[in-house]
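Please read the following points with the coordinates open beside you. They concern the cysteines, the aromatic rings and the main pocket, in that order.

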Amino acid sequence: MNDSIKMLFKDNPEMEIAIKEFCANNPEYLQIKQEFYETAREIAGLVGYNLYSRFEEQFGAYLACANGTYYLFGLGLRQEVITALGI
């Protein structure tokens, strides 16, 4: 039972597939993604690829950590279940 609940919140490989499918069909996401890459290319051209690449890597790690934290603490019920299960 614990493994089933844990998969629902943390170890769910199907979730990544569903998110990719959702994003691929979401016009707002696709527009923002295109604008991001256009801006990224412009900045990399100004500051150089190495510095921009380092910035993007660190910014991505920061966002992933922040998003993971918000996900874990998002819904009160979700947090209570995770805490109760010790996962």
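1. Is Cys65 buried or exposed, and what is its relative accessible area? In this predicted model, Cys65 has a relative accessible area of 53% and is therefore exposed, since the term applies to values over 50%. Cys23, by contrast, is buried, because its relative accessible area of 16% falls under the 20% cut-off. A search of the whole structure for disulfides finds zero.

2. On the aromatic side chains, the structure holds four aromatic pairs. One of them joins Tyr52 and Phe55, whose rings lie 6.0 Å apart from centre to centre with 50° between their planes, an arrangement classed as tilted. These two residues are three positions apart in helix H4, which covers residues 49-73, so that about one helical turn separates them.

3. The two partners in that tilted pair should also be described by their accessibility. Tyr52 counts as buried, with a relative accessibility of 8%, whereas Phe55 counts as partly exposed, at 47%. Phe55 also pairs with Phe59: the ring centres are 5.6 Å apart and the planes meet at 10°, so this pair is stacked, the cut-off for that class being under 30 degrees.

4. Where do Phe55 and Phe59 lie, and how many residues apart are they? Both belong to helix H4, and they are four residues apart, or about one turn of the helix. Phe59 has a relative accessible area of 38% and is accordingly partly exposed, because this value lies between the limits of 20% and 50%.

5. Taken together, the residues discussed in the preceding points belong to a wider grouping, in which Tyr52, Phe55, Phe59 and Tyr62 form one aromatic cluster. A figure of this cluster could usefully label the tilted pair of Tyr52 and Phe55 and the stacked pair of Phe55 and Phe59.

6. Which residues line the largest pocket? The lining consists of Tyr29, Ile32, Lys33, Phe36 and Tyr37, and the space within this largest pocket comes to about 170 Å³. Sorted by class, the lining comprises four nonpolar residues and one charged residue, with no polar residues. Lys33 is the charged member, because Lys is counted in that class, while Tyr, Ile and Phe are counted as nonpolar.

Notes
Residues numbered from 1 in each chain as written. Predicted model: local features only at pLDDT ≥ 70, side-chain atom pairs only at ≥ 80, totals over all residues. Heavy atoms only, no water. 1 Å grid on protein atoms, 1.4 Å probe; cavity = no way out; pocket = protein on both sides within 12 Å on 5 of 7 lines; lining within 4 Å. Points joined across faces, edges and corners; volume = space filled by probe spheres on them. Disulfide = S-S within 2.5 Å. Buried < 20%, exposed > 50% of the residue type's maximum accessible area, 1.4 Å probe, protein only. Phe/Tyr/Trp six-rings, centres within 6.5 Å; stacked < 30°, edge-to-face > 60°.
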